[in-house]
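Q: Could you take a close look at one part of this model for me, starting with the charged side chains and then working outward to what surrounds them? I'd like the reasoning as well as the numbers.

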Amino acid sequence: MGFNCGIVGLPNVGKSTLFNALTATQAAQAANYPFCTIEPNVGRVAVPDPRLDKLAAVAQSGRIVPTQLEFVDIAGLVKGASKGEGLGNQFLANIREVDAVAHVLRCFEDGDVTHVSGSVDPVRDAEIVETELMLADLDSLEKRLPNLEKRAKGGDKEAQAEVPVVRKALDVLREGKPAREAALTAEEQPTFRRLQLITAKPMMYVLNVEEASAATGNAHSAKAEAYARQRGMPAVVISAAIEAEVAQLPAEDQAEYLASLGLAETGLARVVRAGYQLLDLVTFFTVGPKEARAWTVRRDARAPEAAGVIHTDFEKGFIRAETIAYDDYIALNGESGARDAGKLRLEGKDYAVKDGDVFHFRFNV
C-alpha cells in the first residue's frame, strides 16, 4: 500500500467524480445534491511508475505488480459540521482514519451544478472546511485536557508527557491555525501523533477546473494556488471531468487523448506525486523472472522495515539486503551486470532505503 488518502471538501465540488475517475469505478454515486456519499467509499489504484516497466523489461519478468494507493471518498462537509451539522460527526470520524487529506476545491463555474454557498470561491470553501476541522480538534482537546492534567498531578508519566503537547496544540488552534503548525520538539512528535488530530494530518489541495482549463488553470485555481503557497501546501490542478473520460479509454489511447488537451500525464499521476511528497514516501523494487514489483516505505526507513513491508518474517529474520540502484540496474542490464561491475552492494540493518533501490532480501527465521 502506498498511502491512504481521504478525499474531502464541500458538497458538489467534484469529490465523487474525482474518486470515480481515479479508481475507474462507479462505486461512489456522483449526484447533484449534498450528501450523496453517505458511507465512505474506498478504492485502490495502481501507482503509475514507468521505472517498473523498464525493470520488468530488463529482467523479462512474467508479470508487473505496481504498488497501490488507497482513496477514501468521504461525505461532503458543511459549515457547522464540528457541531454535528449535516453529516458532521460521521465525516469527522471517517477523516480521522486516513493518513493524508486531499482537499478538493471547486474552481469551475457551472449553472447546472449547485454550489452550497451560491457562488464559486475556492479560498472561502477551503476556510470553511478547515475551520470546521480546527473546531473539531479544539473541542476534542479541551475535553481531554482536564482529565490529563488530573492524571499528571497524580504521577502518571504518560499524562505528564502528553499535557505540554496538548497545550501547545491548543495554543495554535485557539489562534485559528491547524495543529500541524504547533512548535514541537523531536521528542514530542510521537506523543503528538498519538493525539490523532485531524488538522495534524498532511493536506494537499486538488483544484477541480473545467475541461478547457485543465492544462493552464483559470482565475479560480490561480487564487487557490496562491492560498496554498501561503500555507506551504501542495496544490494540483485537475479536471475531474477529463479524468473520468480518460478512465474509460483503452490504455493505448490515453496518452494521445491527453496530448490533444495539452496534458503530458493524467491527474492521477500528479495527485500521486503530490501525495508521495506530502507523506515523504519512497518506492523500492523487487525484480525477478516471475515478477517485478513496486513497494512503498517512508523515507529513511531502514532496510529491515522495508523487508517487513513484503513479509513480517523478512523483517524478523533480516540478515542483509542485496541492493542495486535503479539507474545501475538499467544501465548494466540487470542483476548479473550490476554484480560484475561491482554495483551490487550488501547492506545491513542500518541502511536507509533510497528511492529506486532494487532489493533482494536475505533472511533466516
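A: Happy to, and let's start with R339. In this predicted model, R339 has a relative accessible area of 43% and therefore counts as partly exposed, since that class covers the range between the 20% limit for buried and the 50% limit for exposed. R339 forms a salt bridge with E335, and their closest N and O atoms are 2.8 Å apart. E335 is likewise partly exposed, at 32% relative accessibility. Both residues belong to helix α14 (residues 335-340), where four residues, or about one turn of the helix, separate R339 from E335. As a general point, side chains of opposite charge can pair when their charged atoms come close.

Where does this pair sit relative to its surroundings? A good way in is E322, because E335 and R339 both appear among its contacts once neighbours within four places in sequence are set aside. The other residues on that list are L344, R345, L346, V358, F359, H360 and R362. E322 belongs to strand β10 (residues 318-324). Buried or exposed, then, at 7% relative accessibility? E322 is buried, because 7% is under the 20% limit. One of its listed partners, R362, also has a polar contact with it: the two side chains are joined at 3.0 Å.

The pair in α14 has plenty of company, as the structure holds 20 salt bridges. One of them joins the side chains of E291 and R63, with an N to O distance of 2.8 Å. E291 lies in strand β9 (residues 291-298) and R63 in strand β3 (residues 63-65), so this pair ties together parts that are 228 residues apart in sequence. R63 has a relative accessible area of 47%, so R63 is partly exposed.

Another salt bridge, between the side chains of E149 and R167, has an N to O distance of 2.8 Å. Here helix α4 (residues 122-153) supplies E149 and helix α5 (residues 157-174) supplies R167, so the pair ties together parts that are 18 residues apart in sequence. E149 is partly exposed, with a relative accessible area of 25%, and R167 is partly exposed at 42%. Salt bridges also link D49, R51 and D355 into a network.

Moving outward, let's turn to the sheet. Six strands form an open sheet with mixed pairing, in the order β2-β4-β1-β5-β6-β7. Its edge strands, β2 (41-46) and β7 (235-238), each pair on one side only. Ignoring direction, neighbouring strands of this sheet are turned by 25° against each other on average. Strands β5 (residues 100-106) and β6 (residues 203-208) run parallel and are joined by six bridges. V104 has V206 as its bridge partner in β6.

Two helices pack on this sheet. Helix α1 (residues 15-23) touches β1 (4-8), β2, β4 (68-73), β5, β6 and β7, and its direction makes about 40° with that of β2. Helix α7 (residues 219-230) touches β5, β6 and β7, with its direction at about 170° to that of β6.

For a residue-level view of α1, look at T23, which is found in that helix. T23 has a relative accessible area of 11% and so is buried. Leaving out residues up to four places away in sequence, T23 touches G43, R44 and V45. Between T23 and R44 the C-alpha to C-alpha distance is 6.5 Å, although they are 21 residues apart in sequence.

What about the nonpolar interior? In soluble globular proteins, nonpolar side chains tend to be buried together. Here the largest nonpolar core has 52 residues, and F71, I95 and Y205 have the most contacts inside it. Beyond four places in sequence, I95 touches V8, I74, V101, L133, I198 and K201. A second, separate core has 20 residues, among them A182, L184, F192 and L195.

Helix α9 (residues 251-260) offers a contrast to these buried sets: one of its 10 residues is buried, so α9 lies largely in the open. After α9 comes G262, which has a positive phi, near 80°.

Methods:
Residues are numbered from 1 along each chain as its sequence is written. This is a predicted model: local features need pLDDT of at least 70, side-chain atom pairs count only at pLDDT 80 or more; totals for chains, interfaces and linings use all residues. Side-chain values use heavy atoms; hydrogens and water are left out. A salt bridge is a side-chain nitrogen of Lys or Arg within 4 Å of a carboxyl oxygen of Asp or Glu. Buried means under 20% relative accessible area, exposed over 50%, partly exposed in between (1.4 Å probe, protein chains only). Two strands pair if DSSP finds at least two bridges between them. Axes are lines fitted to C-alpha atoms, for helices over the stretch in contact, and angles run from 0 to 180 degrees between N-to-C directions. Contact means heavy atoms within 4.5 Å. A polar contact is a pair of N or O atoms within 3.5 Å; within protein, one must be able to donate a hydrogen and the other to accept it, and residues adjacent in sequence count only if both atoms are side-chain atoms. A nonpolar core is a set of buried Ala, Val, Leu, Ile, Met, Phe, Trp, Tyr and Cys residues joined through side-chain atoms within 4.5 Å.
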